[in-house]
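Open the model in your viewer and keep the selection tool at hand. Each stop below gives a selection and says what is there.

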Amino acid sequence: MSGSTASGEQFKLNLISATNSHPTCTPIRGLSNFATGTYTVTSPTTKISGEVGAGRSVIIKSKGTVVIDGDVTYAQSSHHKPSDITQLVIVAKNIIIKDTVSRVDAWLIATPNPANTQGGIVSTCETEDKPNLTDSYTNGLSASVCNKELHINGPILARELQLRR
């Protein structure tokens with residue numbers, strides 16, 4: 001995963017943890033450690049959760065799927081000027097929100113392929129990290145799954161928004 005700060009300085013971040021070293025998945029924990037900037041993820045699947053540091057504007061871009069597997073929140077801050085406003089923007093082929101998540105403070109932008117026929121899906125409740133998003137809309141739903149209230153504080157742009165709870 002690489003990123004650049006607002007000044008254009010390039011740097012690399014090592015975000016693969018010792019407990020989850022699967023080569024096709026990059027876990028992003030501790031969003032409070034991210035400086036303001038744009039970060040590009042190259043792995044097919046990226047797991048995100050945590051708190052974004054106060055006054056930071058973080059953009060995460062992925063050509064793969066982003067799985068939000070824990071709450072994503074903004075740190076408490078006071079807003080005296082526009083640069084004090086905390087912001088997280090997630091741009092990915094597909095964005096999956098796990099069934100255990102109750103709050104997402106972020107802009108969610110799911111980008112389909114150029115023909116607008118695949119990808120571009122935001123699913124608000126999944127139990128798997130890699131579900132078949134082309135399956136039936138109600139696949140895997142029951143009275144005991146996806147019954148937890150979800151708050152999304154931010155806009156959503158998607159080819160298909162699966163409001164599953």
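The tour goes from the whole chain to its core, then to single strands and residue pairs.

**Stop 1: the whole chain**

Bear in mind that this is a predicted model. Show the protein chain as a cartoon and colour by secondary structure. You will find 15 strands and 0 helices. Now switch to a surface view. The accessible surface comes to about 8,700 Å². Carbon and sulfur atoms hold 51% of that area. Of the 165 residues in the chain, 40% count as buried. How far apart in sequence are the residues that contacts join? Take the contacts between residues at least 6 apart: 55% of them join residues at least 24 apart.

**Stop 2: the largest nonpolar core**

Hide the surface. Select Leu31, Ile68, Leu88, Ile90 and Leu108, and show their side chains. These residues have the most contacts inside the largest nonpolar core, which has 24 residues. Which strands each supply at least two residues of this core? Colour β4 (37–41), β5 (45–52), β6 (57–62), β7 (65–74), β8 (87–92), β9 (94–98) and β11 (107–110), and you have them. In soluble globular proteins, nonpolar side chains tend to be buried together.

Stay with Leu108 and look around it. Leaving aside residues up to four places away in sequence, Leu108 touches Ile68, Ile90, Ile95 and Ile97. On the same terms, Leu108 also touches Val122, Ile152, Pro155, Ile156 and Leu157.

**Stop 3: strand β7**

Select β7 next. Is this strand mostly covered or mostly open? Mostly covered: 7 of its 10 residues are buried. Add β5 to the selection. β5 and β7 run parallel and are joined by 7 bridges. To see one position, pick Thr46: it stands opposite Val66 in β7. Then add β9. β7 pairs with β9 as well, in the parallel sense, over 4 bridges. Here, pick Val67 and look across to Ile96, its bridge partner in β9.

**Stop 4: Trp107**

Move to strand β11 and select Trp107, which has its place there. Is Trp107 buried, exposed or in between? Trp107 counts as partly exposed because its relative accessible area is 38%, between the cut-offs of 20% for buried and 50% for exposed. Show its neighbours. Trp107 touches Gln87, Leu88, Val89, Ile90 and Pro155, not counting residues up to four places away in sequence. Draw a distance line from Trp107 to Pro155. Their C-alpha atoms are 5.2 Å apart, although the two residues are 48 apart in sequence.

**Stop 5: the disulfide**

Select the cysteines Cys125 and Cys146 and show them as sticks. Their sulfur atoms are 1.9 Å apart, and the two form a disulfide. The count of disulfides here is 1. The pair links distant parts of the chain, 21 residues apart. Cys125 sits in strand β12 (residues 121–126), while Cys146 is in the loop between β12 and β13 (151–152). Turn the view along the S-S bond. The angle about it is -95 degrees, and the link is left-handed. Both Cys125 and Cys146 are buried.

**Stop 6: the aromatic pair**

Finish with Phe34 and Tyr39. How many aromatic pairs are there? The count is 1. Phe34 and Tyr39 form an edge-to-face pair, with ring centres 4.8 Å apart and planes at 70 degrees. Phe34 is buried, and Tyr39 is too.

Methods
Residues are numbered from 1 along each chain as its sequence is written. This is a predicted model: local features need pLDDT of at least 70, side-chain atom pairs count only at pLDDT 80 or more; totals for chains, interfaces and linings use all residues. Side-chain values use heavy atoms; hydrogens and water are left out. A nonpolar core is a set of buried Ala, Val, Leu, Ile, Met, Phe, Trp, Tyr and Cys residues joined through side-chain atoms within 4.5 Å. Buried means under 20% relative accessible area, exposed over 50%, partly exposed in between (1.4 Å probe, protein chains only). Contact means heavy atoms within 4.5 Å. Accessible areas come from the Shrake-Rupley method with a 1.4 Å probe; for residues, only the protein chains shown count as cover. Two strands pair if DSSP finds at least two bridges between them. A disulfide is a pair of cysteine sulfur atoms within 2.5 Å. Rings of Phe, Tyr and Trp (its six-membered ring) pair if their centres lie within 6.5 Å; planes under 30 degrees apart count as stacked, over 60 as edge-to-face and the rest as tilted.
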